Amino acid sequence: MTHFSTENLSFAYEKLVVFQGLSMDLRAGEIVALIGANGAGKTTLLRTMAKQLKQQSGTVLLDSRSTQKFTRREIAKHLSLMPQHEQREASLRVYDVVALGRAPHVGWWMPLRAEDEAIVQQSLEATAMTELQKRTIDQLSGGEWRRMILARSLAQNASILLLDEPTAGLDMKYQFECLGHVRRMVKERQLIAVITLHDLNQASMFADRIAILANKELLSIGLPQEVMRPDLIRKAFGMDVMVVSHPTESIPMVVPILASPEV
Amino acid sequence: MGERRGNATNRSWLLIGFSACIVLFVSIASLSVGAASIPLANIGAWISHSTEGVTATERTILWELRLPRILSAVITGVSLATAGVGFQGLFRNVLADPYVIGASSGAALGVSIAVVTGLQVTYFGLGATSLMAMAGSIGIVMLVFALGAISRQTSTITLLLAGVAISSMTNALVSLLMFLNDQKAIVILSWLMGSLAGSDWQTVLVASLSSCMGVGILWSRSRQLDAFLLGDAASQSLGLDPLRFRCWVITGASVATASAVSSAGIIGFVGLIAPQIARLMVGPRHALLLPMSACTGAITMLVADAVARTIVAPTELPVGIVTALLGCPFFIALLLSRSMRGSVAT
């Protein structure tokens, strides 16, 4: 069972502190939504957790071992970061991109083995991309492209998924489909997922826990019912909201107050 | 499901095999053209070691002049095209060519110094100009890479800018040397225009060794080059170490480029166009793109050199002029057809 945590994690660009003293403990089979205002440091946090940026202090622990002791390739066997943006102009085929997910396992030279091919096909199937595998990636719609990246992360066989705004630029149906996919994968395979989201209501619906990043620190982390509070939202986003209950599900929904002087 | 992908890949390999056959065919055909035309039948007799049907003079021309020259053309074409793919992948820009970070201007500076000082050295059978071309080319690329690394910026833009800056400074130095030594300027100039006329077995041997090294390094990075196409964050997430990757690609591409400039001088457009044509044929996957580019590069060089040898016979044109003259309209046609189809060139 994978164990992933950060201890007292701080990051700064030169003198500019982005976040500090961040401690989080993530459990297998859970989705944590990371929310916060623009520029709060969500992407930086994900990239630091993925060892793509070097922290100023503190540690990221993967199975109780500091990620500083892992090589990039070892990290990639356990952890996959889905960036917010990716070069999409390349006319690589969907299959080729998803097959790259096997690179951490087979290396950069060796051809894929039969078992790798099988994993690639399973990942394509799990994301409903089998039919599209011969397409080139510049022909994909936004939703299809997100699903392809998810398929690549699955092919990577990563037990930790860090997804940076996986719903950005998608219409409502695709947003729910995408998050639904992720949730199913996380539950079925007991993965750990950290997802940055801008839609607080989606965070409530799909995440097991929500973490708010504000003023360079972790303002709060907990169940949606504990975290979705008008005072915390106000601290994080500078906006007045009401928190109501979903008409049919027992989850909190955030409703902005229009008459607020801030708006 | 596996065969779905298999079909497309097999078709690409078939295309590559077919192109390799064309390389062989064009090589044999161009053995017959030049100042003295030798009928193909005689070449056939020569290849099959038959004693009849080919004169002693023809044998000498074929063995001492034409064959090394043709091999030189193939090696130059392969090296430039492969280096072009390497730099295009590194900068994620199809307009990058083997000279983009100063390999050509470095070589030019090396040659200018050799010519102006009248340097007389020979190593591994290579003369002063070849050696200085190789040294200058690799030296300037290393300088640019060091500058790019100092700034600690992980973006390749710094590298590109350093390349542009150092190149223009180096070019200015070359102009200065030519201006101050105007009797020797014509020697430098003729080298700058690129020619395969000086090819002999020794240059072929050295060029093929260094070319193999560069091409081999790049080919072994083909999956990394694929991953890098997807962006920094994505390729790092797949376990790619960006600094080491960059270091290897630059090493491979510059060694291949240095091998080409030392044996043939500066030959434009091949390193830009050959990868484009190959990309149209087999797509952007580097495991296929690199061998295909090697073939298209070799064919382009062979044809350009055959034209250079024959069009104003009995004298000949510098092959660099031919590649640029023929390459430019071809490139523009390619750009127009691309923009008409509205696809982005990657």
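In the predicted model, buried residues account for 45% of the 263 residues of chain A. The secondary structure of this chain comprises 10 helices and 12 strands, and its C-alpha atoms occupy a box of roughly 60 × 40 × 35 Å along the principal axes. A compact globule with 263 residues would have a radius of gyration near 18 Å, so the 19 Å of chain A agrees with that expectation. Of the contacts in chain A between residues at least 6 apart in sequence, 65% join residues at least 24 apart.

Chain A contains an open sheet of six strands, in which the order is β6-β7-β8-β3-β9-β10 and the pairing is mixed. The edge strands are β6 (79-82) and β10 of chain A, each of which pairs on one side only. On average, and with direction ignored, neighbouring strands of this sheet are turned by 15° against each other. Helix α7 of chain A, formed by residues 172-189, packs on the sheet and touches β3, β7 (160-164) and β8 of chain A, and its direction makes about 155° with that of β8(A).

Within this sheet, strand β3 of chain A (residues 30-35) pairs with both β8(A) and β9(A). The pairing of β3(A) with β8(A), which spans residues 192-196, is parallel and extends over five bridges, and in it A:Ile31 has A:Ala193 as its bridge partner. Four bridges connect β3(A) to β9(A), again in the parallel sense; here A:Leu34 stands opposite A:Ala211, and A:Ile35 stands opposite A:Ile212.

Strand β9 of chain A, which covers residues 209-214, is mostly covered, with six of its six residues buried. The burial extends to both faces of the strand, since A:Arg209, A:Ala211 and A:Leu213 are buried on one side, while A:Ile210, A:Ile212 and A:Ala214 are buried on the other. In addition to its parallel pairing with β3(A), β9(A) is joined by five bridges to strand β10 of chain A (residues 217-222), and these two strands run antiparallel. A:Ala211, which stands opposite A:Leu34 in the pairing with β3(A), has A:Ile221 as its bridge partner in β10(A), whereas the partner of A:Ala214 in β10(A) is A:Glu217.

Strands β9(A) and β10(A) form a hairpin with two residues between them. A:Asn215, located in the loop between these strands, has a positive phi of about 50° although it is not a glycine. With 12 other C-beta atoms within 10 Å, A:Asn215 is classed as exposed, in contrast to A:Ala214, which is among the buried residues of β9(A). A positive phi is also found at A:Ser64, a residue other than glycine, where the value is near 65°. A:Ser64 lies in the loop between β4 (57-62) and β5 (65-66) of chain A, and A:Ser64 is likewise exposed, with 8 other C-beta atoms within 10 Å.

The contact between the two chains takes 29 residues from chain A and 26 residues from chain B. On the side of chain B that touches chain A, the elements giving two or more residues are α1 (2-31), α9 (222-229) and α10 (232-237) of chain B. The largest share of this side, five residues, is contributed by α9(B). By class, the side of chain B that touches chain A has 10 nonpolar, nine polar and seven charged residues.

Elsewhere in chain B, helix α6 (residues 156-180) has 25 residues and reaches 36 Å from its first C-alpha to its last, close to the 36 Å expected at 1.5 Å a residue. The buried residues of α6(B) are B:Thr156, B:Leu159, B:Ala162, B:Gly163, B:Ser167, B:Thr170, B:Val174, B:Leu177 and B:Met178. These buried residues pack against four helices of chain B, namely α3 (56-91), α4 (103-117), α5 (128-150) and α7 (185-192). Helix α11 of chain B (residues 242-264) has 23 residues, and the distance from its first C-alpha to its last, 32 Å, is close to the 33 Å expected at 1.5 Å a residue. Just after α11(B), B:Gly265 adopts a positive phi of about 80°.

Terms used
Residues numbered from 1 in each chain as written. Chains lettered and ligands numbered in written order. Predicted model: local features only at pLDDT ≥ 70, side-chain atom pairs only at ≥ 80, totals over all residues. Buried ≥ 20, exposed ≤ 12 C-beta atoms within 10 Å, placed from the backbone. Pairing = 2+ DSSP bridges. Contact = placed C-beta atoms within 7 Å. Nonpolar A, V, L, I, M, F, W, Y, C, P; charged D, E, K, R; others polar. Expected span 1.5 Å × (residues − 1). Rg over C-alpha atoms; globule rule 2.2 N^0.38 Å. Axes fitted to C-alpha atoms, helices over the stretch in contact; angles between N-to-C directions.
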